[in-house]
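Work through the exercises below with the sequence and the model open side by side. Each task is followed by a solution in steps.

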Amino acid sequence: MLLIIASYACLHLLLALMIALLLKRRGTGVPVWQLLAINAYAALQAQGSFAVSGYAADAPYLLRMLYHIPLNVSQGLMSYMGLAVFFASAALGFFTSLGFWLAGSDLVPSIYWLVFGATLFFSITVVMGIFKKGEVHKLRRSWLIRIANLHAVFTATNAGEVLGLLVLAALTIPVQALALSLLFNAFGVPLPDLYLAYLAIFAGFSLMISVLPGNFGIRELLMCLLVAHLGISPLVVISLMLVDRVLQLLVLSVLSSGGYLLLKNRSSGQRIAI
């Protein structure tokens with residue numbers, strides 16, 4: 001269990017490093033451990049939010065409160081990070097599926113193609129918004145604001161930043177796959193590597209886009225559908241996913257303690273110029 005907890009801690013560390021990479025170019029000096037604590041604190045709050053948002057949805061407000069970073073900038077940074085994880089997950093899943101399909105394998109489950117189609121539609125909509133093309137005015141006002149902030153950050157980044165973000169985002173997939181592999185094996189339910197990769201990719205999608213608090217129920221349903229024809233009982237999968245949630249909440253609770261202390265003492269926090 002300690003290895004699983006360590007894996008999830010590494011996952012949140014990677015996400016914090018992505019934000020640190022974007023902030024560094026803007027002349028900020030926020031230590032990575034503080035970003036880790038802030039993200040964890042906001043992610044823990046998001047577990048009880050019904051807003052259609054994603055990982056650490058309140059993090060931009062915390063960055064503004066603690067470091068006086070303009071809200072539009074912090075929202076753009078967080079959206080950029082989320083989009084990088086989203087695209088890395090989608091790309092890894094697509095090319096993995098394509099490779100197995102071209103090899104004549106029947107291991108690729110149809111549920112993945114369904115989810116990928118939905119995520120592709122979402123991705124195209126966001127990209128159209130970034131480049132200010134298409135009928136993006138039909139989106140909700142909150143999404144239009146997010147896309148505008150994302151566009152501002154996107155135009156201010158260079159190729160090195162984009163590459164660094166994608167590398168860190170891609171690393172979140174094997175980290176999540178390792179955590180899930182350790183969890184399933186600990187309870188005597190080994191899964192093929194391909195399915196572990198898919199579970200990690202779905203977890204990456206779920207991390208960045210929340211429809212329900214923590215996507216409770218949706219994530220479990222997708223996992224059950226994904227491994228259905230392996231003969232694994234849905235009850236077993238749901239039970240393991242609940243254990244997974246408990247462990248993740250434990251990790252977030254520990255990591256977010258630093259964020260709580262930062263908020264408590266925000267009057268002495270450093271001011272960061274953008």
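**Exercise 1.** In this predicted model, find what helix α2 spans from its first C-alpha to its last, and set the span against the expected value.

Solution. Helix α2 covers residues 32-46, which is 15 residues. At 1.5 Å a residue, a span of 21 Å is expected. The helix reaches 21 Å, close to that expectation. Next, list its buried positions: Gln-34, Leu-35, Leu-36, Ala-37, Ile-38, Asn-39, Ala-40, Ala-42, Ala-43 and Ala-46. Leu-35 also appears among the residues with the most contacts inside the largest nonpolar core.

**Exercise 2.** State how many helices and strands the chain has, and what share of its residues is buried.

Solution. The secondary structure consists of ten helices and zero strands. Written along the sequence, the pattern is α-α-α-α-α-α-α-α-α-α. Of 274 residues, 48% count as buried. The accessible surface of the chain is about 13,000 Å², and carbon and sulfur atoms account for 70% of this surface. Finally, take the contacts between residues at least 6 apart in sequence: 73% of them join residues at least 24 apart.

**Exercise 3.** Which residues have the most contacts inside the largest nonpolar core, and what does Phe-184 touch beyond its sequence neighbours?

Solution. The largest nonpolar core contains 71 residues. Met-18, Leu-35, Tyr-67 and Phe-184 have the most contacts within it. With neighbours within four places set aside, Phe-184 contacts Val-189, Pro-190, Leu-191, Leu-199, Leu-240 and Met-241. In soluble globular proteins, nonpolar side chains tend to be buried together.

**Exercise 4.** Is Phe-187 buried, partly exposed or exposed? Locate it and name its contacts outside the local sequence.

Solution. Phe-187 sits in the loop between α7 (159-186) and α8 (193-208). Its relative accessible area is 43%, so it is classed as partly exposed. Leaving out neighbours within four places, Phe-187 contacts Met-1, Leu-240 and Val-243. Leu-240 is also one of the contacts of Phe-184. The C-alpha atoms of Phe-187 and Val-236 are 9.5 Å apart, although 49 residues separate the two along the chain.

**Exercise 5.** Compare the exposure of Gln-176 with that of Val-167, and place both residues in the secondary structure.

Solution. Val-167 is in helix α7, and so is Gln-176. Gln-176 has 3% relative accessibility and is therefore buried, since the cut-off is under 20%. Beyond four places in sequence, Gln-176 contacts Leu-11, Ala-200, Ala-203 and Gly-204. Val-167, at 45%, is partly exposed. Together with Leu-163 and Leu-171, Val-167 forms a nonpolar surface patch with about 270 Å² of accessible area. The spacing can be read against helix geometry: an α-helix has 3.6 residues a turn, so residues three or four places apart point the same way.

**Exercise 6.** Is Gln-75 buried or exposed, and which residues does Leu-21 touch away from its own stretch of sequence?

Solution. Gln-75 belongs to helix α4, residues 71-102. Its relative accessibility is 18%, so it counts as buried. Apart from residues up to four places away, Gln-75 touches Pro-60, Tyr-61, Ile-145 and Asn-149. Leu-21 lies in helix α1, residues 2-25, and is partly exposed at 27%. With the same exclusion, Leu-21 touches Glu-161, Gly-164 and Leu-165. From Leu-21 to Met-81 the C-alpha distance is 9.9 Å, across 60 residues of sequence.

Terms used
Residues are numbered from 1 along each chain as its sequence is written. This is a predicted model: local features need pLDDT of at least 70, side-chain atom pairs count only at pLDDT 80 or more; totals for chains, interfaces and linings use all residues. Side-chain values use heavy atoms; hydrogens and water are left out. A nonpolar core is a set of buried Ala, Val, Leu, Ile, Met, Phe, Trp, Tyr and Cys residues joined through side-chain atoms within 4.5 Å. Buried means under 20% relative accessible area, exposed over 50%, partly exposed in between (1.4 Å probe, protein chains only). Contact means heavy atoms within 4.5 Å. Helices (H or I, at least four residues) and strands (E, at least two) are DSSP runs, numbered from the N terminus. The expected span of a helix is 1.5 Å times one less than its number of residues. Patches are made of residues with over 30% relative accessible area and no salt bridge: like charges are joined within 9 Å, nonpolar side chains (Val, Leu, Ile, Met, Phe, Trp, Tyr) within 5 Å. Accessible areas come from the Shrake-Rupley method with a 1.4 Å probe; for residues, only the protein chains shown count as cover. A salt bridge is a side-chain nitrogen of Lys or Arg within 4 Å of a carboxyl oxygen of Asp or Glu.
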